[in-house]
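Student: I have a chain to go through. Can you walk me through it, starting with the cysteines?
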Amino acid sequence: MSNRLPSNAGVGVASILLIVVMLCMTVFAALSLLTAKNDGTLTEKTVAYTRAYYQADATAQRMIADVAAALATGGALPDGVTRNGDTLAFLVPVSETANLCVTLTDTGRAYTIDSYGVQGVEDGPLAYDTLTLWQ
């Protein structure tokens, strides 16, 4: 006499379950690769921007030193430095979309730094073709 219970499932259910598990693993592997690629791209952009920022920062510090020397000796201000009364200002490009903006105040034979930071580049108002959706 046989003690086996009758089974209606057979080999088909196990095969379908194995196929579903493999598909899920394949999808998760593809998503992991895509996420890693996007993280790598973002990291490269961040490194490039950080490098450009610190190069612009070094240029701005050299320009501040040149301004200090010009104020101390009474010489001409470096190129790119604009004067508006006692306020001196200049821009150092960081990227295509950002500038390092520096504003100094002339206090006689010295200066004080009023602002030193990144500002977005504005190309002016955006020219959009207006669409009339509701007439």
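Tutor: A disulfide is a pair of cysteine sulfur atoms within 2.5 Å. This is a predicted model: local features need pLDDT (the predictor's confidence in each residue, from 0 to 100) of at least 70, side-chain atom pairs count only at pLDDT 80 or more, and totals for chains, interfaces and linings use all residues. Residues are numbered from 1 along each chain as its sequence is written, and side-chain values use heavy atoms, with hydrogens and water left out.

Student: How many disulfides does the structure hold?
Tutor: Zero.

Student: Is Cys101 buried or exposed?
Tutor: Cys101 has a relative accessible area of 12%, so it is buried; buried means under 20%, exposed over 50%, partly exposed in between (1.4 Å probe, protein chains only).

Student: And Cys24, what about that one?
Tutor: Cys24 is partly exposed, because its relative accessible area is 38%.

Student: New topic. What secondary structure does the chain have?
Tutor: One helix and four strands, in the order α-β-β-β-β from the N terminus on. Helices (H or I, at least four residues) and strands (E, at least two) are DSSP runs, numbered from the N terminus.

Student: Where is Leu17 found?
Tutor: In helix α1, residues 10–73. Leu17 counts as exposed because its relative accessibility is 54%.

Student: How much of the chain is buried?
Tutor: Of its 135 residues, 16% count as buried.

Student: What is the mean pLDDT?
Tutor: It is 85 for the chain, with 81% of residues at 70 or more. Over residues 124–128 the pLDDT is below 50, and this stretch has zero contacts (heavy atoms within 4.5 Å) in the model beyond near neighbours in sequence.
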